[in-house]
Each structure stands twice: as structure tokens, then as C-alpha cells.
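Biologist: Before we discuss any assignment, I would like to have the model in view, and I would like each label to be justified by its value and its cut-off.

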Amino acid sequence: MSQQSLPESLLRQKLEKANIKYNDYLRSLTGELLRLELISEEQAEIIRVGLFDSLEKLMRIYTNDRSSSLMTETANSILRSLLYNIDCAMMDISNIETVVDTILTTPMMELYYRGMVRIRRLKCETAGLLAKAKRTRLRLPNVFYNQTLDVSLMQALKSYDEHFHSHLISGDIDYPLAIQSNTLRGIHYLRGYLMDLCVENAFCREYEGEEIARLYKIFCDKNHFPYSEPRVNLYTILFNNALFNEYLRKDPGSLVLTVDECDIIEVLLGDMSREDRGNLLRLTASRMMGGDPSYNMRVLNKSLPGIQNAIEHHRLKNYLVAEL
Amino acid sequence: MKNNRGLFNIGTVLAMNRSNDEEYSRQLLALNDTIDQYGIVLTAEQTRDLLSTRQRALNENHRVEMGVGAVIPLAKKFAGSAYLDAGNFADGMNIILEMFYYYKTETRDVIPDDDLIDMLYEWFEYKYQGDLELMQNDYFDKAGKNAAEENAEEYDELIAEQDS
């Protein structure tokens, strides 16, 4: 049965969303269409042949037509790059019926080049995000943060190869974000990383540079880290302290807590159930408007088990950055 | 849900390439129009043997080749050898094919097909005077691995000199 007879609404209804992976779009969508018998094995074969021909062309371009064979590892990387570009082209189309029609009627090589155009736009956007992240940077001596902003991200962007290795990002981006993406690849990974870094910077910049520097210094001293060296997410350190400052309704610009304040928080929250405590902290986080509220909430949800344990075991003063 | 991984992976591509062997065999037979001037004619069975050797050599050397690949230019070149004739051409080509793909991988792909074919031909024709066994012993055993790498380095240096 051909998909062409199915209207958009019915097609959307039938497709199992969980089976479609946007980081493996063509493959997962084709699998889903096959499962639902919305396309035939013959139509899937046409797609396979299209990919096979495109891979052959790309291998020729890769070797400048000087080698008919390649190491399997290299050929595999080119195939993944081909699929990545095609995925990018298809993700530009919002109507699922058009997507299905496109993969059945458009030559794969044309989709590969369309994807490349989309990737180049994403590269420009990513370069803009890098400029923004640098402009809003924190003035701290953390080498991982500074090296990533000044060197690694630019190198990754410069060396990004949308022809043959578009699914890969080379180089080491050492600075850890509060939430690491395990699903994004290629330029989407780089763009996603920078979007999150900008959000984290925006949150941190709600606070005075001097207060951030004071917090960072206490954090390093307490953990015996040289000021340049801790490989930690700066936003998370700020966010956790800001959260409990907000809970205590302290001056909105302050970050550092005292040990006594940590003890008070433990007394206030200690007897609550985990659920009530979690809800109260979520409510507190929702009052913090810096950065992106939904990102803040995601980070809180990730940190919550650690916070709960610290409160229950009277270790909040160690979990947060607190001075005597 | 059915696993989609097999839909479009490199294994599928390799399988598709192998499924074209009949077409590749026809292309090799068509080569007879060119090499019969040397008194050499490949039979259908010999072309199948060559394709089977090619596939084994590709697998052993972790390579992927689209289309019939290097077999045709190799056969055209070696058909002109003074040491190969209708009686030993097919057997010789099987060994040369193995050497070719071995060298491609061991030299990390820096030597283009045409240059490598010329190099192998010169060794076979002038250095080893048609002695494939000796050539294999020198360049195709464990020690040959080093020789192949040295050749790649020499080739890199040569190209760098030419570029400068």
C-alpha cells in the first residue's frame, strides 16, 4: 500500500512517535513506515539503492576519483555523514506527508545537498551563539570554561566538515554543562551546547561579578582546588546557592550562604517528605526568573536527589557553598 | 518493533555491492575485447574467481569498494606483462589483487590506485622479473607491513617535494 493515499492527519495518527528518532530520522521513519505497511519493501529498496549510489558518488569525491576503495571505517563515516545531511534536509519539512513524499521521490544526492545548505545556515547560527556566549562570559579563572570559550568551540566550528563527517564534532569541548546531551550529533550538538551555555551565562549574569567571584573562591578553597582547575559546571554551583537564597528570601543579588543558614534550611525542610520538599523547591525555583526557567527546572530536577540526600544527612553546608 | 539498524548501514551497502557480482562478471568478460591483443582471454569461471578473491581481499583488509573497482585497471595493466600469458594470467591476477588491497590499507590510502598499480607492475616486471612468489615474500608477509608503511612515507615525502 502506498502512503500517497493517506492524508497528513491520518499519517500523523498512525505513526508511533516513540519509534521516530530525530537523530536517526531517515532510518527510523522508514522503519516505522515499513512497520505500518505505509510503504512497501520495494519502495524501501529504492531508498537503499539511492543511498548506495550516493555513497559511491561521495566516495569518488572523497578520493578525488583516485581510489575505487576505502577503509570500511572511512566509508562508514561517509555513509553516516550522508544520512545526517539527508536527515537535516528532511527535518526542514514540517509536514510529515511531504517528508514521506520527498524521500520516495527526491534523489538522495539532492537531499544530501539540501541538507548541506541547512547545515551551513546552522553553522552561521552557531557562530552567532559562540559570539554571544563569549560576550556574556563569566570573569572567572576557570581554565576549562575559558579554554572552551576561547579555543575549543571555535576549533570545532572551523574544522566541522559538512561534506564527509557532518555527524561528527572534532576536538575536546572540556567544559561540562549542567545537562549534557547524549542524543545530538554534528552541528546540532555544537549548536545545542552553545544555546545551553548562553542560557547558563544569562542566569549567572543576573548576579554581580564580585559575588560570583566570592562564591567561586569559597568553593575552590573549600575543596582545595587551584582556582584555575576545577572541572565543574559553574552555573550549577551558582544555581544551587541561588535556589536556597531565594528559599530564605535573602537579598536577590546574594549567593553565598553561611553554615548557620544551611543548618536553618535543614531544620525547616528536614521533617518534610521527599515529595513535599521537592515540590517546595520547585516552587522556589519557579520564582527565579534569571536565564531560562524551564532549563532551571530541568537542572533542579537533576540535582534534586543530591539535594534531598544532603538535607537528610545534614550535609547541606558541604553540598552548597557556605562560609563560616 | 523491528530493529531499523540494518536498513541503511554499511553492512547493507556491502551486501548490495556483492549482489551486483553478476553485472561485475559481465564487465570483466567485456575486458577480453581489450586484453585479447596479448593472447589472454578470461573465462566466466575465472572472472568469478577474481571477484571472489577481490571480495576476500577487501574483507581481510577492512575495505569497501563500490562497483567492480580496481580489477579492471589492474588486469589491463598486467595483461601487457612479459611474464603473464593465457596460462598463468588468471592465477597471477588473483595474487596481484590480494597484494593491491593489502597495500592500499597498509599505506593508509595515501597512494592513488593508478600509482599503486604502476608501482606493483614495475616491481613485478623489472625488480622481480615475474617472480610473484618472491615478490610476495618480500612485500606481503609480516615484514612487508613495514615495507608498505615505508613506501607510504616515501610517497608522502615525494609528493611534498613535488608540491613545494
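Biologist: Why is A:K250 called partly exposed?

Modeller: This is a predicted model, and in it A:K250 has a relative accessibility of 27%. Partly exposed is the class between under 20%, which is buried, and over 50%, which is exposed, so a value of 27% places A:K250 in that class.

Biologist: What makes A:E261 and A:K250 a salt bridge?

Modeller: The closest N and O atoms of A:E261 and A:K250 are 3.1 Å apart, and the criterion asks for a side-chain nitrogen of Lys or Arg within 4 Å of a carboxyl oxygen of Asp or Glu, so the pair qualifies. Because A:E261 lies in helix α11 (residues 259–270) of chain A and A:K250 in the loop between α10 (234–247) and β2 (257–258), the pair ties together parts that are 11 residues apart in sequence. As for A:E261 itself, its relative accessibility is 17%, and since buried means under 20%, A:E261 counts as buried.

Biologist: What makes B:R54 and B:E65 a salt bridge, and why are B:R54 and B:E65 called buried or exposed?

Modeller: The closest N and O atoms of B:R54 and B:E65 are 2.9 Å apart, which satisfies the limit of 4 Å. B:R54 lies in helix α4 (residues 44–60) of chain B and B:E65 in strand β1 (residues 63–65) of chain B, so this pair, too, ties together parts that are 11 residues apart in sequence. With the limit for buried at under 20%, B:R54 at 0% relative accessibility counts as buried, and B:E65 at 1% counts as buried as well.

Biologist: How do you know that A:K217 and A:D221 lie about one turn of the helix apart, and which class of exposure does A:K217 have?

Modeller: Both A:K217 and A:D221 lie in helix α9 (residues 209–223) of chain A, and they are four residues apart, about one turn of the helix. They form a salt bridge, with the closest N and O atoms 3.0 Å apart. The relative accessible area is 43% for A:K217 and 35% for A:D221; because partly exposed lies between 20% and 50%, A:K217 is partly exposed, and A:D221 is partly exposed too.

Biologist: Turning to helix packing, why is α6(B) described as oblique to α7(B)?

Modeller: Helix α6 (residues 89–106) of chain B and helix α7 (residues 113–127) of chain B pack at an angle of about 125°, with their axes 11 Å apart. An angle of 65 to 115 degrees would be roughly perpendicular and one over 145 roughly antiparallel, so about 125° makes α6(B) oblique to α7(B). The crossing of these two helices is right-handed.

Biologist: Which residues of α6(B) and α7(B) meet?

Modeller: B:F100, B:Y103 and B:K104 in α6(B) meet a set of residues in α7(B), including B:L116, B:L120 and B:W123. By class, this contact has seven nonpolar, no polar and two charged residues.

Biologist: What makes A:T126 buried or exposed, and which residues does A:T126 touch?

Modeller: A:T126, in helix α6 (residues 108–135) of chain A, has 0% relative accessibility and so counts as buried, the limit being under 20%. Leaving aside residues up to four places away in sequence, A:T126 touches A:L157, A:I187, A:L190, A:R191 and A:L194.

Conventions. Residues numbered from 1 in each chain as written. Chains lettered and ligands numbered in written order. Predicted model: local features only at pLDDT ≥ 70, side-chain atom pairs only at ≥ 80, totals over all residues. Heavy atoms only, no water. Buried < 20%, exposed > 50% of the residue type's maximum accessible area, 1.4 Å probe, protein only. Axes fitted to C-alpha atoms, helices over the stretch in contact; angles between N-to-C directions. Parallel < 35°, antiparallel > 145°, perpendicular 65-115°, else oblique. Left-handed = near helix turned anticlockwise from the far one by under 90°. Contact = heavy atoms within 4.5 Å. Nonpolar A, V, L, I, M, F, W, Y, C, P; charged D, E, K, R; others polar.
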